[in-house]
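Student: I should like to go through this model and ask, term by term, what each description rests on.
Tutor: Then let us set each value against its criterion.

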Amino acid sequence: MKGIGASPGIAIGRAVIHWKEQIDILREFVEEPERELERFRTALEFAGEQIRETYSRVLESVGPGEAAIFRSHGMMLKDPDFVGQIERMILDGSVNAEWAVKQVADSLIQIFESMGNDYMKARSDDVKDISDRVIKLLLQVGGIDLSNLREPSIIVARELTPSDISQMDREMTLGMVSETGGKTSHTAILARTLEIPAVMGVRKLLDEVENDDLMIIDGETGQVFVNPDGETVERYRERLDRYECFRKSLTEVRGMKTVTLDGVEIELEANVASPKDLDDVFKNDGEGVGLYRTEFLYFDSSLLPPEDTQFEQYRDVVVAMTGRPVVIRTLDIGGDKKLDYLSIPEEQNPFLGYRAIRLCLDRQEIFKVQLRAILRASAFGQVRILFPMISSLEELRSAKAILEETKEDLRSLGVPFDESIQSGIMVEVPSAAILSDHFARETDFFSIGTNDLIQYAVAVDRGNEKLSHLYSQYHPAVLRLIKTVLDNGKAAGIRVGMCGESAGDPKLIPILLGMGLTEFSMNPSSILQARWILRNLRKGDLEEAALKALSLGTAEEVEEYCSRLLQTLNLCR
Ligand code: PEP
Ligand code: MG
């Protein structure tokens, strides 16, 4: 069986099935809606207590970054919109509380899921987790006790929530596998942080697995074996040993410089979405913030966040990074990432639509507020501004002109900001990559956004699971675009970094280095691994390998070549 590798590592062990009752919730008429309301409020209170306990436990055993998920669960339980809708439904419709919770939660989940993007998917998982908790309390049912397993096991479930993981006994949990979920769910993020191998999205998993079956899961490739033969077990035991040796060696590079064997200095930075992610950045030794996705701030409120709120968040990140670079990307919203309160009309092709810089150039009042907040934060450290989705020189010129106007406004008011602040562009649309020689003359830096560059170069929606086999960072067309950007950036003497997921892909890192990339920004959890790999590479030796990869015709050939290359580099993995 195969699913999505959601948290790397290999687990070999016996299955424990985490059955969660499939509860059928029926609509019932209640005679005394006020009493039903009381019942709901009591369940809400208990849920709040449970969440507070979980928060403290995770805070102590894992860290504030991970615990933050439960703080936002707690906040959601107090959200007047969410709670108010449920209460109104109980009172106005005289319905049972569990029905009202399910209705309101389902409609929210549907809205989040229809947006088809990763952030919103994570939000819908949160709503599901919270509403399940409240419904279970109302019905007084629960699943197996994950904190009290008899022996080290692999947890198998239809669905695993962050709350489930937070209960797991790390010593007894070898790995986990579920039918639903994907790489960017909060459950997957927690699993990666806790270093629990995980595979998600395995279809028909529960039809195939019984309690106590011997299982192997590979959290990198997504491979799942049930009652495998002796030879497979042996092969995976060897891989497990190698993987553990590799994990141990990662701790050795903490605190070390990221420099290749032939002395090329590399900048290894982190992608963040809010100040909450900074703990992960420090834990993993990030050398700066290479991409601050500011959208979260806008998603997390029900109105456009005011300038001061934005300023405070940006400043917190900048101050925490103590002089190290912080690249703040301006609002990358629209298309798949919808903000209800902006009322953007439905579009036929949202990915090609009114989004990111296009929206900001059109709604300058929104753009200027953000630019002012970023500029003000620049007085506290080393900030760079990054414009997303640039597809033409005109857009870049307009964005820069608005930035200059905003600077002028601040100057006239005597508000301090960094006068030498740099601004750059995301290169994530093929037109920007192809024209990168022109762009390089008019901007301070490039940041290659492979997540979107791939989808636009190969015309594959990055969120469409049906097409995921076509969406590949190894596509030779993508590699050629990256090479063009690197060469043009180098010729013009500007910095070129990469902040898409490809920057943290161990198989691609040698080729990217060979092509000349020296600034990588990635998920904090990939940083030490990338440093370890880069410290074992010699750029001079990889230039030819990069040319070879660029000469291949299919993504499959490139991937195969990259895999072999990584193996020959003798990294114990
Ligand atoms: C990208 O497109 O590669 C990128 C880093 O931005 P996002 O994933 O936020 O679209
Ligand atoms: Mg992008």
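**Ligands, metal and cavity**

Tutor: The model is a predicted one. A backbone N or O atom of N451 lies 2.7 Å from an oxygen atom of ligand 1.

Student: What makes this approach of N451 to ligand 1 a polar contact?

Tutor: A polar contact requires a pair of N or O atoms within 3.5 Å. The backbone atom of N451 is an N or O atom, its partner in ligand 1 is an oxygen, and their separation is 2.7 Å; the pair therefore qualifies.

Student: Which side-chain atoms of R293 and R462 enter into the same reasoning, and at what distance from ligand 1?

Tutor: For R293, an N or O atom of the side chain is 2.8 Å from an oxygen atom of ligand 1. For R462, a side-chain N or O atom is likewise 2.8 Å from an oxygen atom of the ligand. With a limit of 3.5 Å, each is therefore a polar contact. R293, N451 and R462 are also among the closest of the 14 residues that surround ligand 1, a group that includes R329 and G449.

Student: How do you know that E428 and D452 coordinate the magnesium ion, ligand 2?

Tutor: A donor must be an N, O or S atom within 2.8 Å of this metal. The OE donor of E428 and the OD donor of D452 stand at 2.0 to 2.1 Å from the magnesium ion, so they meet the criterion.

Student: Why can this pair be said to tie together separate parts of the chain?

Tutor: E428 belongs to the loop between β12 (422-427) and α16 (430-434), whereas D452 is in helix α18 (residues 450-458), so the pair joins parts 24 residues apart in sequence. Both residues are buried.

Student: What makes the space in the interior a cavity, and how many cavities of 30 Å³ or more are there?

Tutor: A cavity is space where a 1.4 Å probe fits but cannot get out. The structure has one that reaches 30 Å³, and its volume is about 110 Å³. Among its 15 lining residues, those closest to the centre are E269, G290, S447, G497 and E519. Two or more lining residues come from each of β13 (445-448), β14 (495-498) and β15 (519-522), with β14 giving the largest share, four residues. By type, the lining comprises seven nonpolar, four polar and four charged residues.

Student: Why is T161 called buried, while D212 is called partly exposed?

Tutor: Buried means under 20% relative accessible area, and partly exposed lies between that limit and 50%. T161, in the loop between β3 (153-157) and α6 (162-167), has 7% and is therefore buried. D212 has 48% relative accessibility and so counts as partly exposed. D212 is located in the loop between α8 (205-208) and β6 (214-218), and its phi, near 80°, is a positive value in a residue other than glycine.

Student: Where does D285 lie, and what is its phi?

Tutor: D285 is in the loop between α10 (278-283) and β9 (289-293). Its phi is positive, about 70°, although D285 is not a glycine.

Student: What makes N227 partly exposed?

Tutor: The relative accessible area of N227 is 46%, between the limits of 20% and 50%, so partly exposed is the term that applies. N227 is placed in the loop between β7 (224-226) and α9 (230-252).

How values were computed: Residues are numbered from 1 along each chain as its sequence is written. Chains are lettered from A and ligands numbered from 1 in the order in which they are written. Side-chain values use heavy atoms; hydrogens and water are left out. On a 1 Å grid over the protein atoms alone, a cavity is a set of points where a 1.4 Å probe fits but cannot get out, and a pocket is an open set with protein on both sides within 12 Å along at least five of seven lines; lining residues have an atom within 4 Å of a point. Grid points are joined across faces, edges and corners, and a volume is the space filled by probe spheres set on the points. Ala, Val, Leu, Ile, Met, Phe, Trp, Tyr, Cys and Pro count as nonpolar, Asp, Glu, Lys and Arg as charged, and the others, Gly among them, as polar. Donors are N, O and S atoms within 2.8 Å of the metal (3.2 Å for Na, K and Ca); water is not among the atoms, so sites may look incomplete. Buried means under 20% relative accessible area, exposed over 50%, partly exposed in between (1.4 Å probe, protein chains only). A residue is near a molecule or strand if one of its heavy atoms lies within 4 Å of it. A polar contact is a pair of N or O atoms within 3.5 Å; within protein, one must be able to donate a hydrogen and the other to accept it, and residues adjacent in sequence count only if both atoms are side-chain atoms.
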